Amino acid sequence: MKKTLLSLCALGLATASFAQHNYQQIDTAQMHNQPILNVDKAKFLKDVNIVANTRFGMNNNFMNGDLTNSNFALDEFRLEFVGKVGDKVHFRYRQFLAGFSTDIRTQDNLRHSVDIAEVSYDVTDRFTFTVGKMLSEWGAYEFETNPIDIIAFNHLINFSDPFLTGVKFRYQALDNHAFTVQLVNTRTQSFTEAFGVVPGVEASKTPFTANVSWRGKFADGKFSTIWSYSNMTEAKDKSVQLIQLGNQLKLNKLKLQYDFKYSNDQIDRLGQVSMLIANNGVYTTRALDARYTEHWLRAVYFFHKNW
């Protein structure tokens with residue numbers, strides 16, 4: 001009998017512990033009669049958009065002028081959910097599903113395939129606060145262009161880590177001018193994962209990036225700008241200063257875009273200079289005091305209003 005009672009007591013304690021554990025995992029909204037945000041589900045679905053950004057094609061690969069193989073491939077597939085809850089709360093989620101790494105990154109605890117996972121709140125008609133993983137606030141129309149329309153980005157974007165976690169404050173100062181201040185992680189990996197061992201260089205205890213941008217429109221939107229300045233703390237006493245000046249001109253059916261980019265790297269963030277000066281193009285450590293300058297030009301002519 002004693003053994004039976006002890007077993008029942010042990011089972012009761014285990015059940016109570018298990019039930020308490022489950023109770024802690026329940027959404028707090030389920031513990032009240034009314035949720036924090038009372039949303040009409042039918043209306044909510046009307047405010048949600050699903051976007052599938054895709055680029056499908058036949059790839060022909062060559063080596064020294066000889067065809068090595070051909071294949072059909074979905075080179076771009078980014079599934080996106082965009083919507084709002086009420087009039088002030090907005091959300092956006094986008095994930096890259098076309099062969100991108102699904103490894104969980106050490107800095108933000110998110111899979112690398114997640115481009116965007118952000119929530120925004122309109123504090124006023126002109127002031128918006130955003131948290132989550134988001135686009136870096138860079139002043140470049142190249143970066144603003146949908147990836148399905150670009151076969152390959154330039155080095156400063158292609159070899160960067162542009163989707164980062166942090167906070168953003170946007171102020172619509174005038175109808176045609178907006179300013180943004182953003183503070184995010186400098187990268188999704190740790191210093192050692194990103195750079196390896198760099199002699200004489202220590203990892204920073206606060207690897208953050210501060211971005212400041214200005215978006216302006218002139219002449220009824222015919223000319224517009226996205227200019228930005230970024231200060232990236234990559235290591236102790238080592239930072240990267242990045243200036244990007246994006247300019248756009250619209251003339252009837254013609255759209256011209258030009259970006260100027262300049263990066264002053266106290267430690268080679270992209271690794272391209274390190275590769276150029278290394279033996280046989282294979283570097284074992286990152287170069288210091290590297291400079292990058294890029295020009296990007298794009299012209300789009302619209303034959304019809306829909307294409």
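Contact here means heavy atoms within 4.5 Å. Keep that in mind as you click around this predicted model.

**Stop one: the main core.** Start by selecting Leu242. Leaving out neighbours within four places in sequence, Leu242 is in contact with Trp138, Leu156, Ser228, Tyr229, Ser230, Met232, Tyr262, Ser263 and Arg269. Now add Phe143, Ile157 and Tyr292: together with Trp138, Leu156, Met232 and Leu242, they touch the most other members of the largest nonpolar core, which has 16 residues. Colour by element next, and you'll find at least two core residues coming from each of helix H3 (141-144), helix H4 (155-158), strand S9 (223-235), S10 and S12. S12 gives the most, with three.

**Stop two: another core.** Apart from that one sits a core of six residues; select Phe191, Val198, Val201 and Ala235, which are among them.

**Stop three: strand S4.** Go to Val119, in strand S4 (residues 114-122). Val119 counts as partly exposed because its relative accessibility is 40%. Show its surroundings: beyond four places in sequence, Val119 touches Val89, His90, Phe91, Phe129, Thr130 and Val131. Then draw a distance from its C-alpha to that of Gly132, 13 residues away along the chain, and you should get 6.5 Å.

**Last stop: the surface.** Turn on the surface and select Phe218, Phe223, Leu249, Leu251, Leu254, Leu256, Tyr301, Phe303 and Trp307, a nonpolar patch with about 870 Å² of accessible area together. Strands S10 (238-251) and S11 (254-267) are the elements giving two or more residues to the patch. Finish on Trp307, in the segment after strand S12 (288-301). Is Trp307 buried or exposed? It is exposed, because its relative accessible area is 62%.

Notes
Residues are numbered from 1 along each chain as its sequence is written. This is a predicted model: local features need pLDDT of at least 70, side-chain atom pairs count only at pLDDT 80 or more; totals for chains, interfaces and linings use all residues. Side-chain values use heavy atoms; hydrogens and water are left out. Patches are made of residues with over 30% relative accessible area and no salt bridge: like charges are joined within 9 Å, nonpolar side chains (Val, Leu, Ile, Met, Phe, Trp, Tyr) within 5 Å. Accessible areas come from the Shrake-Rupley method with a 1.4 Å probe; for residues, only the protein chains shown count as cover. A salt bridge is a side-chain nitrogen of Lys or Arg within 4 Å of a carboxyl oxygen of Asp or Glu. Helices (H or I, at least four residues) and strands (E, at least two) are DSSP runs, numbered from the N terminus. Buried means under 20% relative accessible area, exposed over 50%, partly exposed in between (1.4 Å probe, protein chains only). A nonpolar core is a set of buried Ala, Val, Leu, Ile, Met, Phe, Trp, Tyr and Cys residues joined through side-chain atoms within 4.5 Å.
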